[in-house]
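Subject: Handing over the model

Hi there,

Here is the structure I promised to pass on to you. Please open it alongside this email, and my notes follow below.

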Amino acid sequence: MAQGKKLSILDLQKMKRNGEKVAWITAYDYPTAQFAEAAGMDMLLVGDSLGMCVYGYEGTVPVTMDQCIVHCQAVRRGAPNTFVLGDMPFMSYQTSDVDAVRNAGRFIKEAGMDGVKLEGGIRVISRIKAILDAGVVVCGHIGLTPQSSGQLGGHKAQGRTVASAKLLIEDALAIEEAGAQMLLLEAVPPEVAGFIAHKLTIPVLSIGAGPYCDGQLLIVSDLIGQFQAFTPKFVKKYANVAQVVTDALTAYIKDVKTGDFPADEHCYHMLKGEKEKFEELIKDYD
Ligand code: KIV
């Protein structure tokens with residue numbers, strides 16, 4: 001759907017009504033954003049997963065607003081015609097409604113984002129409402145919420161018991177009721193996610209929440225086989241960039257050591273007639 005035309009939140013909601021799945025990935029930099037837009041990606045997320053995928057942190061918690069803004073700006077430059085959400089990092093909204101609005105506003109004002117995503121259900125409802133009241137598009141995020149993974153006992157799938165599924169359903173209903181325009185479910189069983197997607201009128205997207213949602217999100221570094229530390233069960237790798245890059249670097253090292261690089265075609269030659277004069281010149285240095 002996204003070929004050439006920037007989607008709005010209304011287009012994404014219409015896709016749900018028409019049964020058209022939304023294709024969504026994360027992006028953290030200018031080239032990836034360019035590739036995604038050229039490929040016709042419906043949406044991008046500048047996720048706080050950039051902490052692991054770009055900075056090599058163990059999790060998302062250390063990521064700051066200033067880091068997010070810089071990456072959002074790069075992605076916006078690379079994908080000017082794509083719907084892009086900024087991901088609110090840990091402690092950018094947990095502290096107060098005022099902080100939530102101020103930081104959501106930075107994503108829009110400083111980085112040209114189309115909206116923000118924040119983690120949590122009922123317990124962040126006042127934050128969601130405050131950001132919406134400021135006129136900003138909001139995507140909720142429940143299920144496995146990495147910023148509070150300590151409370152979840154680790155990066156664990158959610159909604160695998162009836163009691164846990166009920167909590168997710170209550171959170172999802174509250175998020176829609178608050179007025180959020182989208183919802184992301186992370187690491188949730190397909191039947192639970194499918195029920196929520198069916199029940200809600202807003203688009204319900206999945207990352208590891210099975211096929212019955214209104215679209216799918218993957219972390220680009222997982223999708224292209226770049227991130228090596230671990231691979232969640234829900235990831236499908238479409239390329240092995242780590243191998244491609246490592247092979248290229250190994251070949252480069254070999255060529256430098258053997259002198260096969262640079263070859264004649266990689267050299268700037270002297271202008272016509274200058275080489276002879278240059279040879280005369282360097283005789284003076286003998
Ligand atoms: O930061 C991110 O990329 C995310 C996804 C894991 C949903 O929030």
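Which residue stands opposite Leu184 in strand 7? The answer is Leu205. Before going further, please keep in mind that this is a predicted model.

**The barrel**

That pair belongs to strands 6 and 7, which run parallel and are joined by 4 bridges. Strand 7 covers residues 204–207, and its side chains split between two directions: Val204 and Ser206 point one way, while Leu205 and Ile207 point the other way. All four of these residues are buried. This fits the general pattern: in a regular strand the side chains alternate between the two faces of the sheet.

Stepping back, 8 strands close into a barrel with parallel pairing, in the order 1-2-3-4-5-6-7-8. From one strand to the next, the twist averages 25°. On the outside of this description sits one helix I would like you to look at: helix 6, residues 125–133, packs on the sheet and touches both strand 4 (115–119) and strand 5 (138–143). The direction of helix 6 makes about 175° with that of strand 4.

At the start of the order, strand 1 (residues 22–26) and strand 2 (residues 43–46) run parallel and are joined by 3 bridges. Within that pairing, Ile25 has Leu44 as its bridge partner in strand 2.

**Two buried residues**

Asp87 belongs to strand 3, which spans residues 83–87. Is Asp87 buried or exposed? Its relative accessibility is 2%, so Asp87 counts as buried. Setting aside neighbours within four places in sequence, Asp87 is in contact with Leu45, Val46, Gly47, Asp48, Cys68, Phe107 and Lys117. You may also like a distance to check on screen: the C-alpha atoms of Asp87 and Ala104 are separated by 9.0 Å, with the two residues 17 apart along the chain.

His71 is in helix 4, residues 65–78. With a relative accessible area of 11%, against a cut-off of under 20%, His71 is therefore buried. Again leaving out neighbours within four places in sequence, the contacts of His71 are Tyr28, Val46, Leu50, Val54 and Tyr55. Val46 is thus a name to watch for on screen, as it appears among the contacts of His71 and among those of Asp87.

**The pockets**

How big is the largest pocket, by volume? Its volume is about 710 Å³. It is lined by 35 residues, and those closest to its centre are Leu144, Glu186, Ala187, Pro232 and Phe234. Among the elements, helix 3 (50–53), strand 4 and strand 6 (182–186) each supply at least two residues of this lining. Sorted by class, the lining holds 18 nonpolar, 7 polar and 10 charged residues.

The second largest pocket has a volume of about 480 Å³. Of the 22 residues that line it, Gly120, Gly121, Arg123, Thr145 and Asp171 lie nearest the centre. Strand 5, helix 7 (149–152) and helix 8 (162–178) are the elements that give two or more residues to this lining. Helix 8 gives the most, with 4 residues. The classes here come to 7 nonpolar, 11 polar and 4 charged.

**Backbone points to check**

Most residues other than glycine have a negative phi, and most peptide bonds are trans. A few places in this model depart from that, and I would value your eye on them.

Ala187, which is among the residues closest to the centre of the largest pocket, has a positive phi near 55°. Ala187 sits in the loop between strand 6 and helix 9 (190–199). With a relative accessible area of 10%, Ala187 is buried.

Met91 also has a positive phi, of about 75°, although it is not a glycine. Met91 is found in the loop between strand 3 and helix 5 (97–111). Is Met91 buried or partly exposed? At a relative accessible area of 44%, Met91 is partly exposed.

Which peptide bond is cis? It is the one from Phe261 to Pro262, with omega near 0°. Pro262 lies in the loop between helix 11 (241–258) and helix 12 (274–283).

Happy to go through any of this together whenever suits you.

Best wishes

How values were computed:
Residues are numbered from 1 along each chain as its sequence is written. This is a predicted model: local features need pLDDT of at least 70, side-chain atom pairs count only at pLDDT 80 or more; totals for chains, interfaces and linings use all residues. Side-chain values use heavy atoms; hydrogens and water are left out. Buried means under 20% relative accessible area, exposed over 50%, partly exposed in between (1.4 Å probe, protein chains only). Contact means heavy atoms within 4.5 Å. Two strands pair if DSSP finds at least two bridges between them. Axes are lines fitted to C-alpha atoms, for helices over the stretch in contact, and angles run from 0 to 180 degrees between N-to-C directions. On a 1 Å grid over the protein atoms alone, a cavity is a set of points where a 1.4 Å probe fits but cannot get out, and a pocket is an open set with protein on both sides within 12 Å along at least five of seven lines; lining residues have an atom within 4 Å of a point. Grid points are joined across faces, edges and corners, and a volume is the space filled by probe spheres set on the points. Ala, Val, Leu, Ile, Met, Phe, Trp, Tyr, Cys and Pro count as nonpolar, Asp, Glu, Lys and Arg as charged, and the others, Gly among them, as polar.
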